[in-house]
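This report describes the fold and the side-chain contacts of a single protein chain. It should be read alongside the sequence and coordinates shown below.

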Amino acid sequence: MADGYADGRDHGVAPGHFYEVFMTPEAVLVGKVVRAGSGEPLADVQVSSGGGSYATTMTDAQGMFRLDRLQPGGYKPSAVSDETYGQAEELVMLGLGETSEPLVIAAHPAFFVEGRVVIEGGSSCESGSVTLRDGTSGRAARGAIDGGLLHLRAVRPGEYGVDVRCTGHVSEDTYEKVKVVDRSVSGLEWKVRRAQTIRGVVVDARGRPVPQLGVIAGRSPTRAGRTRSGPRRTTAART
């Protein structure tokens with residue numbers, strides 16, 4: 001990293017690879033986030049670059065933002081907070097070392113969704129994610145579980161199906177849909193169960209162990225003819 005330049009990187013296997021990192025003059029996105037309709041500047045809103053180089057920043061007290069260290073390319077920045085969402089109307093093309101004309105991002109009302117992922121017995125899931133999907137609009141919102149708690153920002157109105165993933169645990173067949181209408185939703189709870197383990201050995205026709213072979217375990221169908229969850233993939237160990 002160097003002031004005035006986009007971040008550079010090189011990948012290779014050491015030892016033996018000669019690393020070269022080329023530094024290019026930074027491209028910069030500048031602009032302002034305002035409330036749609038009133039034009040009121042919005043402070044403390046997270047702005048993301050939405051392009052080839054990912055960068056994020058927060059707006060200041062006047063709603064202004066600056067995203068620097070960007071590579072040349074196309075960008076469509078977005079702005080989110082707990083209860084607002086906005087995106088630039090057009091794609092912004094930036095050349096080498098170029099700074100954009102000041103953008104104005106209009107932020108519209110949105111809502112947050114908050115809930116807990118609970119393991120049977122009452123303890124909290126410590127690692128995993130929750131995804132909300134609205135089948136009508138096609139919109140989705142995904143967030144990581146932090147200490148058992150999920151907090152999703154800038155969720156727009158809709159009726160969302162829920163997909164819960166908790167490491168080492170099994171989700172329920174289905175969860176009640178989350179309906180976001182005209183206010184934020186909190187106090188939700190999604191339960192998961194402790195997972196079981198299948199152990200075995202993969203052998204060939206002569207009974208010899210086969211290393212490095214992918215193994216997929218799927219659940220048996222439910223009475224409705226659906227599997228309870230997607231298959232789990234692992235790899236046979238080398239012997």
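In this predicted model, E26, R66 and D68 are linked in a network of salt bridges. The structure holds 10 salt bridges, and several of the individual pairs are taken up further on.

**Overall form of the chain**

The secondary structure of the chain comes to 19 strands and zero helices. The radius of gyration is 24 Å, well over the 18 Å that the globule rule gives for 239 residues, so the chain is more spread out than a compact globule. Along the principal axes, the C-alpha trace spans about 70 × 55 × 30 Å.

Of the 239 residues in the chain, 33% are buried. The accessible surface comes to about 15000 Å², and carbon and sulfur atoms account for 50% of that area. If contacts are restricted to residues at least 6 apart in sequence, 53% of them join residues at least 24 apart.

**The seven-stranded sheet**

An open sheet of seven strands has the order β3-β2-β6-β7-β9-β1-β4, and its pairing is mixed. At the edges stand β3 (56–58) and β4 (64–70), each of which pairs on one side only. Direction ignored, neighbouring strands of this sheet are turned by 25 degrees against each other on average.

Within this sheet, β6 (residues 78–81) and β7 (residues 84–87) run antiparallel and are joined by four bridges. In that pairing, S78 of the one strand stands opposite Q87 in β7.

**The four-stranded sheet**

A further open sheet consists of four strands in the order β13-β10-β17-β15, again with mixed pairing. The edge positions are taken by β13 (149–155) and β15 (169–171); each has a single partner strand, so one side of each is left without a neighbour in the sheet. The average turn between neighbouring strands of this sheet is 35 degrees, direction ignored.

How is β10 paired with β13, and how with β17? Strand β10 (residues 111–119) pairs with β13 in the antiparallel sense over five bridges, whereas β10 and β17 pair in the parallel sense over six bridges. In general, strands of a sheet pair through backbone hydrogen bonds, in either a parallel or an antiparallel sense.

Individual residues show how β10 is placed in the sheet order. G115 stands opposite L150 in β13, and in β17 the bridge partner of G115 is L188. R116, in turn, stands opposite L149 in β13. Strand β10 is mostly covered, with seven of its nine residues buried.

**Salt-bridge pairs**

Three pairs are set out in the table, with the N to O distance given for each.

| Side chains | Distance, N to O |
|---|---|
| D163 and R165 | 3.3 Å |
| R193 and E172 | 3.2 Å |
| R208 and D204 | 3.0 Å |

The salt bridge between R193 and E172 has a bearing on the fold as well. R193 lies in strand β17 (residues 185–194), while E172 lies in the loop between β15 and β16 (178–180), so the pair ties together parts that are 21 residues apart in sequence. R193 has a relative accessible area of 25% and is therefore partly exposed. E172 is likewise partly exposed, because its relative accessible area is 30%.

Is D163, in its salt bridge with R165, buried or exposed, or partly exposed? At 23% relative accessibility, D163 counts as partly exposed. Its partner R165 counts as exposed, at 52% relative accessibility; the cut-off for that class is over 50%.

For the pair of R208 and D204, the side chains again meet in a salt bridge. R208 is partly exposed, with a relative accessible area of 45%. D204 is also partly exposed, with a relative accessible area of 27%.

**Summary**

The predicted model is thus described by 19 strands without helices. Among its elements are an open sheet of seven strands and an open sheet of four strands. In the four-stranded sheet, β10 has an antiparallel pairing with β13 and a parallel pairing with β17. The salt bridges include the network of E26, R66 and D68 and the pair of R193 and E172.

Definitions and conventions: Residues are numbered from 1 along each chain as its sequence is written. This is a predicted model: local features need pLDDT of at least 70, side-chain atom pairs count only at pLDDT 80 or more; totals for chains, interfaces and linings use all residues. Side-chain values use heavy atoms; hydrogens and water are left out. Two strands pair if DSSP finds at least two bridges between them. Helices (H or I, at least four residues) and strands (E, at least two) are DSSP runs, numbered from the N terminus. Axes are lines fitted to C-alpha atoms, for helices over the stretch in contact, and angles run from 0 to 180 degrees between N-to-C directions. A salt bridge is a side-chain nitrogen of Lys or Arg within 4 Å of a carboxyl oxygen of Asp or Glu. Buried means under 20% relative accessible area, exposed over 50%, partly exposed in between (1.4 Å probe, protein chains only). The radius of gyration is taken over C-alpha atoms; the globule rule is 2.2 Å times the number of residues to the power 0.38. Contact means heavy atoms within 4.5 Å. Accessible areas come from the Shrake-Rupley method with a 1.4 Å probe; for residues, only the protein chains shown count as cover.
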